[in-house]
Amino acid sequence: MTRWKLSDLVRHCGGTLIGSGRDFTVNSLAALDQAGPADVSFLSNPKYRESLKTTRAGAVLLTESIPGTPFQIIRVDDPYLALARILTLLHPTRLPGIGVHPTAVIKPGTRLGSNVRIDANVVVESNVTIGDGTALFPGTTIGEDSIIGNDCIFYPNVTLYHSVNVGSRVIIHAGSVIGSDGFGFAREGAKYIKIPQIGGVTIGDDVEIGACCTIDRGSMSHTRISSGTKLDNMIMLAHNVAVGEDTAIAAQTGISGSTKIGNRVIIAGQVGVVGHIKIGDEAIITAKCGVTKSVPEKTMLSGFPSMIHKKWLRVQGVLGNALKMKSELNALKTKIVELESKITQLEDKKDD
Amino acid sequence: MTRWKLSDLVRHCGGTLIGSGRDFTVNSLAALDQAGPADVSFLSNPKYRESLKTTRAGAVLLTESIPGTPFQIIRVDDPYLALARILTLLHPTRLPGIGVHPTAVIKPGTRLGSNVRIDANVVVESNVTIGDGTALFPGTTIGEDSIIGNDCIFYPNVTLYHSVNVGSRVIIHAGSVIGSDGFGFAREGAKYIKIPQIGGVTIGDDVEIGACCTIDRGSMSHTRISSGTKLDNMIMLAHNVAVGEDTAIAAQTGISGSTKIGNRVIIAGQVGVVGHIKIGDEAIITAKCGVTKSVPEKTMLSGFPSMIHKKWLRVQGVLGNALKMKSELNALKTKIVELESKITQLEDKKDD
Amino acid sequence: MTRWKLSDLVRHCGGTLIGSGRDFTVNSLAALDQAGPADVSFLSNPKYRESLKTTRAGAVLLTESIPGTPFQIIRVDDPYLALARILTLLHPTRLPGIGVHPTAVIKPGTRLGSNVRIDANVVVESNVTIGDGTALFPGTTIGEDSIIGNDCIFYPNVTLYHSVNVGSRVIIHAGSVIGSDGFGFAREGAKYIKIPQIGGVTIGDDVEIGACCTIDRGSMSHTRISSGTKLDNMIMLAHNVAVGEDTAIAAQTGISGSTKIGNRVIIAGQVGVVGHIKIGDEAIITAKCGVTKSVPEKTMLSGFPSMIHKKWLRVQGVLGNALKMKSELNALKTKIVELESKITQLEDKKDD
């Protein structure tokens, strides 16, 4: 961990220091109840507000100024964002050393940028381009004809198949597979005949892909992930899927072939999306949803089969009371038999 | 990409050429709206029929003959199947070079067939048999006593544990794990005691296994995948599962221990199947289904708990209208109170 | 396979031998209908009781004594537990040879215990501690500053990131990733800004982690798996999750960030659990459940949204009959119209 002064942190996160102005070498960033006098802490969730009274932190990231605190206040508009910036300063990513480890295998025709960091047992196949400052952890394999931008980080045992294009500052976590064949077969009687998947994969800048994801290559064109999009772990993108910019997808979600997902979409965990549909910009899909048709922009969807989230909540309310509904229905049946017999009596009486 | 003449393609896919008979060197296969004069295109989905009027393709795969088209027609019975065959010709699979890369580790007692392609950093443990023409991409590990047939392709970072038998022409995509221990424990009080999993895995011919799948070894006998079966990515087969021939399973589906799946079954994505049941031949299980009991052959199943697909559709119709049903129920309750009061009035009148 | 005498097995599993007392060299352990005279078999599921009459096994693990059987009986309290012990004796885990394979890369500052087994192409980064007898299969990578206890087994292509602490006798199956970054981002307008994940992962003793699991590191503190807990394949634990002791989680389940799971909990497959909740000790969560709020101890939960299992069963019963309910509702509507018309007639008559 690099050592920084409090004043460096304040400057780096664009905050204003309110307090004694005492500068100190920051130890780390810690939760309010765990921070000591050399630590910086933060309040982003108001429910921890009480901890401000007892924290031993030397400084706290806050959106407001509180008079007379024993700690100094770093006033910022968004403590969570300031936290991200300060952590980036205090804890730079651990990378392999600059250079190519002697056990790495670099096949002919590869162009390596300056300051690449290629660790032990990495395999780079022929005709690959790797940009400046990119780091490949042990056991990662890059297929031929792939192009990787600058300052990317691929963690251990990542697999890129051939003809995968990756932008700059892309992070791919361990065990992920980019460019595996899409699931495409023709039938010849009962037999499946493989359709060669001749497309590739294109990934924009500033994308992060979690651990053990699988991104299939396109059948003819490219599977695409646009800039700024973040995937959690164990996400499956089928062939020809296109994901827009600044979209976030949580773990264990699967997107079927040729579906297009817009910009700034949020998809929760364990969601399944059928193929050949469109999910509009800024749509939100909640956990375990099974999306069966296209989703307009800015729509919140839930359930399986999927429906508008608000309707889903009400439907679940009714269904959760299905037992009550059933017993009400039975009560009505009894009641109607009762009424019917009364009416028969009245009719009989009348006929008297 | 290998270069072929149009006439080669026509012969290879068993089609009939209708048109000028002009032969040309084919550039590639492309969608109707993207093909140029040196490309072959195809129409398999009738909804793209309009594109036939504007395509610049040199030749198009069609089931029929259309007079006076600017392109030549390759008439075939099944354009999708012809497409598969032509793509296989135009785009042969990219494989590592023939031979054993100097960084590969081949332990003693291994028998390598002719023309094997073993890439960098592959590890083959003792007493393994690898058939003719089989290709192992970087970082793949083959456990001891395993037997692999001819012309298999294992992509990077595949793991085979010991005692796994694989047929010929089997493709395993990157990151998949074959032969990991089944999840089997005895209890000793609150503690779990591992039951060693002494079975293996047997995989037939022409099987394809997607990326990041896990196929557990059998507890005593073998976990089995029969010939011609295709698994998409991230599929989990638990110990002692048996999958029949020519079955297709989509991504993120899990099959619990000892379940037997028949031949020509289709299972969609994110399905879960409980253990110790049978799924009959040619059954179809739709996405996200939770199969809780055995399924007769040729049955289509949906939902969780699972039910016959047609019933599920109708049940979902009703449930999606649960709000309406609830309000109808409330309306009936009000109505009955009304009727009851009228009857009481009548009874009172009568008694007058 | 090591060879043992029947008398060794009887002693090892704590059983009592009833029969001829004839000792023999045991071939293997096999199912009743597959065992031969040199095999030991077992009856743990009463439904296979009939097979006792026809088995050719030399000895059978039973909870009771049956007079006059052709096989000898090893009487034990729990045949399944005895089976686990005998299999452990007959089939010790296959491990790489003792020592460090010449192709393994051990970076400076690493402390290796005695009798470690480090196979080909393993990479151990700087400042790692590996305990006595621990085995690392090919392609496994251990990140810097990690500490691994004694007698652990990590199968091929496992990735440990930096600062992961693992106890003793821990088994991690192939392709699993421990210590990948949690999914944590701040927003700056539409852009996601990565929050460095500075916590680690701590794993207790006797934990088993299946193939292709992903255990994210903590955001500030550690993600934790306590001693004796067993995870099946493809399980996702998000940052800051804590799992208690002797808990079992089945395949393809995901636990969202900061959720705490108690001791001796059982979670079935394809379950999703939201973040920031608590699952009490000895709770049971059934397959495909979506757990949306904290669960008291010893509670059995099902469905999505989750509810008490018994209620869920009854609700599913009603919902499965939704079509019948709907038609009953329609019948009541018709009936009420009928009654209403009769009442009107009566009212008319009365007014006559």
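Buried, in this talk, means under 20% relative accessible area. Keep that cut-off in mind. One caution as well: this is a predicted model.

Let's start with a single residue, A:Thr159. Is A:Thr159 buried or exposed? Its relative accessible area is 1%, so A:Thr159 is buried. The residue sits in strand 17 of chain A, residues 159-160. Its side chain makes a polar contact with the side chain of B:Asn157, at 3.0 Å. Among the residues that A:Thr159 touches are A:Thr141, A:Ser176 and A:Ile178 from chain A. From chain B, A:Thr159 touches B:Pro156, B:Asn157 and B:Ala174.

Next, the symmetry. A turn of 120° and a shift of 0.0 Å along the axis lay chain C on chain B, with an RMSD of 0.1 Å. That is the relation of a three-fold axis.

Now the interface of chain C and chain B. Chain C puts 67 residues into the contact, and chain B puts in 68. Together they bury about 5,500 Å². Carbon and sulfur atoms account for 67% of that. Polar contacts join 26 residue pairs across this interface. Which parts of chain C supply the side that touches chain B? Helix 2, strand 27, strand 30, helix 3 and helix 4 each give at least two residues. Helix 4 gives the most, with 14. By class, this side of chain C has 35 nonpolar, 16 polar and 16 charged residues.

On to charge. How many salt bridges are there over all chains? The count is 54. Between chain C and chain B there are nine. One example is B:Glu328 with C:Lys333, at 3.2 Å. There is also a network of salt bridges, linking A:Lys324, A:Glu328, B:Lys326 and B:Lys333.

Three more pairs are worth a look on screen.

First up, A:Lys107 and B:Asp119, at 2.7 Å. This salt bridge crosses between chains, from a loop of chain A to a loop of chain B. Both residues are buried.

Next, B:Arg85 and A:Glu188, at 2.5 Å. B:Arg85 lies in helix 2 of chain B and A:Glu188 in strand 21 of chain A, so this pair joins two chains. B:Arg85 is partly exposed at 26% relative accessibility. A:Glu188 is partly exposed too, at 37%.

Last, C:Glu144 and A:Arg94, at 3.1 Å. Each lies in a loop, one in chain C and one in chain A, so again the pair joins two chains. C:Glu144 counts as partly exposed at 26%, and A:Arg94 as partly exposed at 32%.

Terms used. Residues are numbered from 1 along each chain as its sequence is written. Chains are lettered from A and ligands numbered from 1 in the order in which they are written. This is a predicted model: local features need pLDDT of at least 70, side-chain atom pairs count only at pLDDT 80 or more; totals for chains, interfaces and linings use all residues. Side-chain values use heavy atoms; hydrogens and water are left out. Contact means heavy atoms within 4.5 Å. Buried area is the accessible area (1.4 Å probe) that two parts lose on being put together, summed over both. A salt bridge is a side-chain nitrogen of Lys or Arg within 4 Å of a carboxyl oxygen of Asp or Glu. A polar contact is a pair of N or O atoms within 3.5 Å; within protein, one must be able to donate a hydrogen and the other to accept it, and residues adjacent in sequence count only if both atoms are side-chain atoms. Helices (H or I, at least four residues) and strands (E, at least two) are DSSP runs, numbered from the N terminus. Ala, Val, Leu, Ile, Met, Phe, Trp, Tyr, Cys and Pro count as nonpolar, Asp, Glu, Lys and Arg as charged, and the others, Gly among them, as polar. Buried means under 20% relative accessible area, exposed over 50%, partly exposed in between (1.4 Å probe, protein chains only). Copies are superposed by least squares on the C-alpha atoms of residues with pLDDT of at least 70 in both. Lists of a residue's contacts leave out its neighbours within four places in sequence.
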